[in-house]
Amino acid sequence: MEYWDLYDKHFQKLGRTHLRGVKMPQGTYHLVVHVCIFNQKGEMLIQQRQAFKEGWPNLWDVTMGGSALKGETSQQAAMREVKEELGLDIDLTNCRPSLTNHFEQGFDDIYLIHQEVDLSKLQLQYEEVQDVKWASQQEILELMREGQFIPYYESLINLFFEMRHSVGMIRESI
């Protein structure tokens, strides 16, 4: 069973939790995190969701996405999810998200990272991820148009690629 902290519309914790899968009370929100890892070529590491995964089976997605669990900070949730889904350690301890997107049921903290990753060394979580690859902006947009990528707004994907050059970009190397 997975529990989330509940937030108000101002992104303040309410001191209450919510069980995943149960309808959220009106006026409450939860925290989601996404991580987009870029290499030196300007490609994004993308993952293909498992065929049996509920919600967007077999579709490609950004590097990682998931919900923060009860008691986790945004950074802790992002680090945990990347470790769980890809077997990759990243350190976001002193980092803020590159941007926060508001959606109907919550807040989505998005981290943009520059990191060279050897795909052959990743340990994919069987329950979540069936494949990974590097993809250019154009390749991702084409996958979206073909219905093979989660249908984000194209402008959001374009923004991720544009922001990868920003001053606040997190840069690490393995």
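## Getting oriented

Helices (H or I, at least four residues) and strands (E, at least two) are DSSP runs, numbered from the N terminus. This is a predicted model, in which local features need pLDDT of at least 70, side-chain atom pairs count only at pLDDT 80 or more, and totals for chains, interfaces and linings use all residues. Residues are numbered from 1 along each chain as its sequence is written, and side-chain values use heavy atoms, leaving out hydrogens and water.

## The largest pocket

Let's start with the open space. The largest pocket (an open set of points on a 1 Å grid over the protein atoms alone, with protein on both sides within 12 Å along at least five of seven lines) has a volume of about 1,200 Å³. Its lining (residues with an atom within 4 Å of a point) is made of 40 residues, and Arg 20, Val 32, His 34, Trp 56 and Ser 67 lie nearest the centre.

Which element gives the largest share of this lining? Helix H1 does, with four residues. Strands E3 (30-38), E4 (44-49), E6 (64-67), E7 (99-103) and E8 (106-114), along with helices H1 (74-86) and H3 (154-163), each supply at least two residues. The pocket lining divides into 14 nonpolar, 12 polar and 14 charged residues, with Asp, Glu, Lys and Arg counted as charged and Gly as polar.

## Two residues in a loop

Trp 56, one of the residues nearest the pocket centre, sits in the loop between E4 and strand E5 (60-61). Asn 58 is found in that loop between E4 and E5 as well. Phi is near 60 degrees for Trp 56 and near 65 degrees for Asn 58; each is a positive value in a residue other than glycine.

Are these residues buried or partly exposed? Trp 56 is partly exposed, with a relative accessible area of 44%, and Asn 58, at 37%, also counts as partly exposed (buried is under 20%, exposed over 50%, partly exposed in between, with a 1.4 Å probe and protein chains only).

## The nonpolar cores

The largest nonpolar core (buried nonpolar residues joined through side-chain atoms within 4.5 Å) has 26 residues, of which Val 35, Ile 37, Leu 45, Leu 88, Ile 90, Leu 92 and Leu 122 touch the most other members. E3, H1, E8 and strand E9 (129-135) each supply at least two residues of this core, and H1 gives the most, with five. A second, separate core of 23 residues includes Cys 36, Ile 46, Trp 60 and Phe 161.

Note on methods. 1 Å grid on protein atoms, 1.4 Å probe; cavity = no way out; pocket = protein on both sides within 12 Å on 5 of 7 lines; lining within 4 Å. Points joined across faces, edges and corners; volume = space filled by probe spheres on them.
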